[in-house]
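Subject: Handing over a structure, with notes on what was found

Dear colleague,

I am passing on the structure that we spoke about, and I would be glad if you kept it open while you read the notes that follow it.

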Amino acid sequence: MALPTHVTKRNGIYQYVRRVPDDVAGHIGRTRIQTSLKTHDMRIARERAFELDQAWDRRFDEARLAIGNVSRDGDTGTWLSTVKWSREDWTNLAKWVELTLIEEDWIARVGRAPGALLVSDPNPRDIPVDDDETFSRNLKRLRALKEFTAETYIAERRAFIARLVRTLGVHLDPKSGLYGHFMLECHRAELRFFETYLLRNQHRGGIGNPHPNTIQGPWRVAAPSEPTTGQTAPVTAAPTRSLAASGYTFDDCIDKWRALRKAAGKPENERYLEEMRKTVKLFSRRYNIRDIAQVTRRDIVDFRDNLAAGSMAVATVNKKVGYITALINTANHAGWIEHRFADNIYLTVPDTQGKRDPYPDEVIGRIFGNRIFTAGFRHKRAKACAEVQFWLPLIACLHGMSSSEILQLGPDTVGPNPDDPDILCFNITNANSRRIKENARKRYVPIRHELVELGFLDLVEKARRQDDISLVLTYGENLRRGDHQ
């Protein structure tokens with residue numbers, strides 16, 4: 001979870017800094033809140049800031065009640081009064097949470113779906129599935145949800161749920177008598193969402209769920225007729241935008257962005273472009289954006305905070321926010337919008353994020369105690385990939401390279417460092433049709449002397465004689481350049 005929006009760090013101590021909303025500043029008698037959280041610890045700061053958030057939100061609500069302003073306006077940010085809500089109202093709101101998660105998952109998939117999925121009787125086999133990394137991350141989240149107690153769920157997910165229902169003008173009060181019931185139902189809602197999620201990824205169902213706006217509750221002033229089977233409407237009913245139109249859409253911004261990169265001689269990454277379009281579609285639907293001039297800084301910040309409230313890593317949140325801000329700044333560069341307002345929205349990556357824990361001694365012992373390393377044994381199965389079963393663990397443990405980089409090592413990638421010829425290195429490159437994640441990962445990795453002592457250079461020389469394209473998959477296996485082609 002990211003730090004709350006109102007927390008900053010000054011001289012090593014976390015501070016709570018918040019602006020008092022204009023509509024209650026006069027009643028409260030101040031325009032700014034600033035107080036020390038008196039801790040160096042990020043988790044303690046988060047907990048104390050959350051308590052201050054709740055306390056000040058209650059005080060703002062009391063001020064609005066005192067001045068007779070309790071109706072919510074999408075542009076002023078005031079809240080609905082939940083004092084008279086029943087247990088059933090809160091249960092229905094949790095159902096809205098469930099359907100919103102299901103809808104967002106559907107929107108993320110539909111951009112990759114074939115037209116066959118849009119017919120009146122679609123086949124679940126046409127549902128696009130998540131990539132391995134995304135599916136694995138969501139399974140981890142599901143396992144955590146199943147293990148959470150009620151207290152753990154509230155501690156870990158309260159910020160996410162609070163931001164989700166905030167789009168309806170609902171403020172969660174932990175001191176409310178029905179708060180525990182609502183969070184329990186949200187816990188149940190997230191688990192039910194994963195039932196649909198797994199059906200979709202297994203091509204067994206998950207089509208035709210009700211739209212979240214079909215759920216009736218006191219947050220609905222008037223419930224218009226909405227679809228119950230299709231899933232192409234926005235996640236939430238965003239207010240109609242009154243900002244002056246520019247006549248340009250996000251698609252126009254993407255085209256302009258590509259043209260500027262081409263003019264600058266910068267390469268175009270199709271995968272990056274696909275992710276950008278997917279993120280733009282989610283953002284546009286969530287905030288009901290049709291014209292680039294309708295985007296506000298508040299929309300981008302709210303989008304960032306909603307992403308950060310889930311299980312997404314800070315770097316991934318920043319990447320997705322970066323797609324939006326890059327296009328907003330492109331529109332400003334092109335003169336389609338007047339102001340450049342999308343800078344400095346990124347989250348700070350925690351010092352601990354991205355660091356990898358070392359393998360425990362028992363894991364190292366189990367790997368290298370195997371007969372592959374102790375007795376020269378080699379599995380004959382095709383999936384064992386000949387010498388890969390010996391060299392890949394060694395190179396991975398000693399050099400910190402990813403498995404995809406190791407599998408692409410060829411005899412042409414082994415040689416002296418151009419800046420220091422005495423150091424023998426792996427050249428991690430995209431030459432000869434290799435693929436690496438990004439250009440910044442191009443580098444020279446010094447080869448450890450342990451590999452040389454184990455005969456690695458003999459392996460390199462043999463691969464060169466046989467004209468093999470891979471080192472770890474050498475000794476035939478139809479991998480010589482002629483057979484490969």
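Before we look at how helices pack, one cut-off is needed: angles from 65 to 115 degrees count as roughly perpendicular. Please also keep in mind that this is a predicted model.

Let us begin with helix 7 and helix 10 (residues 314-333), which pack at an angle of about 80°, while their axes lie 9 Å apart. Because an angle of about 80° falls between 65 and 115 degrees, helix 7 and helix 10 are roughly perpendicular to each other. On the side of helix 7, the contact is made by Phe250, Cys253, Ile254, Lys256, Trp257 and Leu260, and on the side of helix 10 by Ile324, Ala326, Leu327, Thr330, Ala331 and His333.

Helix 7 also takes part in a salt bridge, for Asp251 pairs with Arg277, and the closest N and O atoms of the two are 3.9 Å apart. This pair links distant parts of the chain, since Asp251 belongs to helix 7 (residues 250-263) and Arg277 to helix 8 (residues 270-287), 26 residues apart. Asp251 has a relative accessibility of 47% and therefore counts as partly exposed, and Arg277, with a relative accessible area of 33%, is partly exposed as well.

Helix 8 holds a further pair, Lys278 and Glu275, whose salt bridge has its closest N and O atoms 3.4 Å apart. Here both residues lie in helix 8, 3 residues apart, which is about one turn of the helix. Are the two partners buried or partly exposed? Lys278 counts as partly exposed because its relative accessibility is 27%, whereas Glu275 is buried, with a relative accessible area of 19%.

The structure holds 17 salt bridges, and another of them joins the side chains of Arg200 and Asp105 at 2.8 Å, N to O. Arg200 sits in helix 6 and Asp105 in helix 3 (residues 87-110), so that this pair, 95 residues apart, again links distant parts of the chain. Both Arg200 and Asp105 are buried. These two residues also belong to a network of salt bridges that links Asp105, Arg109, Asp130 and Arg200.

Turning to the strands, you will find an open sheet of 3 strands in the order 4-5-6, with antiparallel pairing. Its edge strands, each of which pairs on one side only, are strand 4 (414-417) and strand 6 (443-446). On average, and with direction ignored, neighbouring strands of this sheet are turned by 55° against each other. Strand 5 (residues 420-428) runs antiparallel to strand 6 and is joined to strand 6 by 4 bridges; Phe426 stands opposite Val445 in strand 6.

Finally, a word about confidence. The chain averages a pLDDT of 78, and 82% of the residues score at least 70. Among the elements of the chain, helix 6 (residues 179-201) has the highest mean pLDDT, 92, and helix 17 (residues 481-484) the lowest, 37. Over residues 221-243 the pLDDT stays under 50, and the model has 54 contacts beyond four places in sequence for them. The pLDDT also stays under 50 over residues 474-485, for which there are 26 contacts beyond four places in sequence in the model.

With best wishes

Notes:
Residues are numbered from 1 along each chain as its sequence is written. Side-chain values use heavy atoms; hydrogens and water are left out. pLDDT is the predictor's confidence in each residue, from 0 to 100. Helices (H or I, at least four residues) and strands (E, at least two) are DSSP runs, numbered from the N terminus. Contact means heavy atoms within 4.5 Å. A salt bridge is a side-chain nitrogen of Lys or Arg within 4 Å of a carboxyl oxygen of Asp or Glu. Buried means under 20% relative accessible area, exposed over 50%, partly exposed in between (1.4 Å probe, protein chains only). Two strands pair if DSSP finds at least two bridges between them. Axes are lines fitted to C-alpha atoms, for helices over the stretch in contact, and angles run from 0 to 180 degrees between N-to-C directions. Angles under 35 degrees count as roughly parallel, over 145 as roughly antiparallel, 65 to 115 as roughly perpendicular and the rest as oblique.
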